[in-house]
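Please open the model in your viewer and keep the selection panel at hand. We will go from one selection to the next, pausing at each to see what is there.

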Amino acid sequence: MHEFSIATQVLEAAREAAADHGSDTFEGITVSVGDASHVNPNQLETCLEAAADSTIGDGELDIEVETEPAYAECDCGWSGEPETIDRALAYAPDLTCPECDERIELAAGNECKLMSVTIPDGAGDSAGTEEETPDATSPD
Amino acid sequence: MYQTYDFRHHDANPIDRLLDRLLGENDAPGPLQAHRMGHGDGDHEHGEDAEADILAQFAEQADELHERVVHEHGVFVAEFLGATGSGKTRLIERLIERAPDDQEIGVIVGDVAGEDDATRFREQGVSVANVNTGKECHLDPSLVEGALEDLDLDALDTLYIENVGNMVCPADFPLGAQARVLVVSATEGDDVVRKHPLLFQACDGAVINKVDIAEAVNADLDLMESDVSEIAPEMPTFRTSAEHGDGLDKLAAFLDERGHTHDHDHDAYVGETGHSHAHDHDDNSHADGHEHAHSHD
C-alpha cells in the first residue's frame with residue numbers, strides 16, 4: 001500500500017531532477033531498495049509502472065529496481081554486511097557487532113533511493129558541462 | 001540519445017556497472033552519459049543523502065514534528081504501535097490513570113474507523129484528537145499535524161499517539177516521538193516477534209501484554225522476550241497486563257527516562273529513528289517547561 005506513495009515520491013524526485021537538467025520529461029529511472037527497508041521491490045516496480053503517466057515520456061518509462069544489502073559500521077572498527085538473523089521468520093540484519101557484541105546501527109541498506117534519471121539527449125544542458133564520467137570511476 | 005544523471009556515491013562497483021552498461025559494453029542504444037548529481041565531496045558518508053532517500057523524507061517530516069512538539073512546546077511524546085487488539089488503548093488508559101493530576105495529557109488516536117478509542121480517552125478527561133485513517137494503513141506526520149490542530153500544545157505536558165492497529169506499515173513512518181513503544185500480546189502467538197523483526201528494530205521499547213492469559217494460550221513469554229533481545233539488542237521489554245494494571249511501573253519509568261534522557265542525549269533519539277541524518281541540536285534551545293513530577297506508588 002505505501003509502495004504506491006513511495007512510487008509517486010520517486011517519480012516526483014525524478015521529475016525534479018530532470019527539470020534541474022532542463023528536461024520536462026524523463027525516459028528511465030533506477031531505484032535502489034534496501035534489503036532492510038520495509039519496501040517490497042517488486043511491489044514498488046509495479047507501483048512505479050502504474051504511477052508513471054504520459055507526462056513522463058513518449059514511450060514507456062524504463063524502470064530498474066535494484067536491491068542493496070544492509071551495511072553497518074561499529075565503533076570498534078568492524079564494518080560490513082551484518083549476518084541475517086536466522087531465527088527471524090522474515091529478513092532482518094543482526095544488529096550485534098560480530099567483533100565486540102555491541103549494538104550496531106545500519107549505515108546503509110534501509111533506504112529507498114532514486115539512483116539515476118535518464119533524460120532525452122538535447123533536452124538537457126549543453127553537452128559536456130556536467131559530464132563527470134571519467135571522475136566517477138576513480139575512487140577518492 | 002539519452003543522458004543519464006546518476007546520484008550514486010563514489011562506490012566503484014555500482015558506478016562501474018552503470019558505466020559498463022551505458023558506455024557500450026552491452027546493447028544500450030545510442031551514446032549515453034553518466035552524471036553524478038550533487039555529491040561533489042567524495043568523502044561524505046553514505047546515509048546523508050536525504051534528498052535521494054525517499055524514506056528519509058518521511059523521517060525528516062517526523063523530525064519537524066519532533067522539533068515543534070518536543071522542543072518548541074516542551075511536550076513529551078510517546079507513540080504506541082501494535083496489532084489490532086494488542087492492548088494499546090488499555091495501556092495508554094492505564095498510563096493516564098496513574099499520572100499526577102497536574103500532568104496535562106493529550107492523545108492522538110489513529111483508528112481505521114469510528115471513535116471508540118477516542119471516546120474512551122475523552123471519558124478520562126484528557127484532550128483527544130481522533131484520526132480516521134480509513135484505507136490508509138498507518139499514521140503519518142501529516143495526519144498527526146492535522147490532529148495537532150485539535151490540541152493545545154501550549155497546555156500539554158505529555159502527548160500519547162496511538163497508531164493504527166498494524167504490524168507492518170507503521171515501521172517506516174516515524175512520527176517524531178521520543179519513545180516508540182511496540183505492543184504485542186501473548187495471544188498473538190509467541191512467534192509474533194520473529195515474524196516482525198524489522199518493526200522491532202525500528203522501535204525503542206517492547207511491551208508484551210496480556211501476560212495473565214499467556215498460559216491459557218500456550219505462549220512462552222521467556223521465548224518472546226529472548227526473541228526481542230536477539231532481534232533488537234539492548235531494547236527493553238516490559239511484561240504487562242494492562243487489563244489488571246500489572247507491570248506498568250517499569251514501563252512508566254522507562255517513558256519518564258526517555259523524556260529526561262532525551263534532554264541530554266539527543267543523538268540517541270536521532271540514531272534510533274533508523275535513518276541517519278544531520279540534525280543539529282542546541283541544548284540551550286530546550287523549552288523550560290519540561291518537568292514531570294511523577295510519583296510512582
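The tour below visits a whole chain, then a core, a pair of helices and a sheet.

Before selecting anything, keep in mind that this is a predicted model.

**First stop: chain B as a whole.** Select chain B and show it as a cartoon, where you can look for its 10 helices and nine strands. Of the 297 residues in this chain, 56% count as buried, and the chain exposes about 12600 Å², of which carbon and sulfur atoms supply 43%. If you consider the contacts in chain B between residues at least 6 apart in sequence, 72% of them join residues that are at least 24 apart.

**Second stop: the largest nonpolar core.** Now select Met167(B) and Phe200(B), which touch the most other members of the largest nonpolar core, a set of 35 residues. Next, colour the elements of chain B that give two or more residues to this core, namely strand S7 (179-185), helix H6 (192-195), helix H7 (197-201), strand S8 (205-209) and helix H8 (221-231). The largest share, four residues, comes from H8(B).

Which residues does Met167(B) touch, if those up to four places away in sequence are not counted? Show side chains around Met167(B), and you should find Gly82(B), Ala83(B), Leu182(B), Val184(B), Val192(B), His196(B), Leu199(B) and Phe200(B) in contact with it.

A second, separate core has 29 residues, and to find it you can select some of its members, including Leu11(A), Val33(A), Leu44(A) and Leu61(A).

**Third stop: two helices of chain B.** Select helix H3 (residues 88-98) and helix H4 (residues 116-123) of chain B, whose axes come within 10 Å and cross at roughly 10 degrees. Because of that angle, H3(B) counts as roughly parallel to H4(B). To see the contact itself, display Thr89(B), Arg90(B), Ile92(B), Glu93(B) and Ile96(B) on H3(B), together with Asp117(B), Arg120(B) and Phe121(B) on H4(B).

**Last stop: a sheet in chain A.** Move to chain A and select the three strands of an open sheet, which has the order S4-S3-S5 and antiparallel pairing. Strand S4 (79-80) and strand S5 (106-108) stand at the edges with a single partner strand each, so one side of each has no neighbour in the sheet. Strand S3 (residues 71-73) of chain A is joined to S5(A) by two bridges, and these two strands run antiparallel. Finally, zoom in on Ala72(A), whose bridge partner in S5(A) is Leu106(A). In general, the strands of a sheet pair through backbone hydrogen bonds.

Terms used:
Residues numbered from 1 in each chain as written. Chains lettered and ligands numbered in written order. Predicted model: local features only at pLDDT ≥ 70, side-chain atom pairs only at ≥ 80, totals over all residues. Heavy atoms only, no water. Core = buried A, V, L, I, M, F, W, Y, C linked by side-chain atoms within 4.5 Å. Buried < 20%, exposed > 50% of the residue type's maximum accessible area, 1.4 Å probe, protein only. Contact = heavy atoms within 4.5 Å. Areas by Shrake-Rupley, 256 points an atom, 1.4 Å probe, with all protein chains shown as cover. Pairing = 2+ DSSP bridges. Axes fitted to C-alpha atoms, helices over the stretch in contact; angles between N-to-C directions. Parallel < 35°, antiparallel > 145°, perpendicular 65-115°, else oblique.
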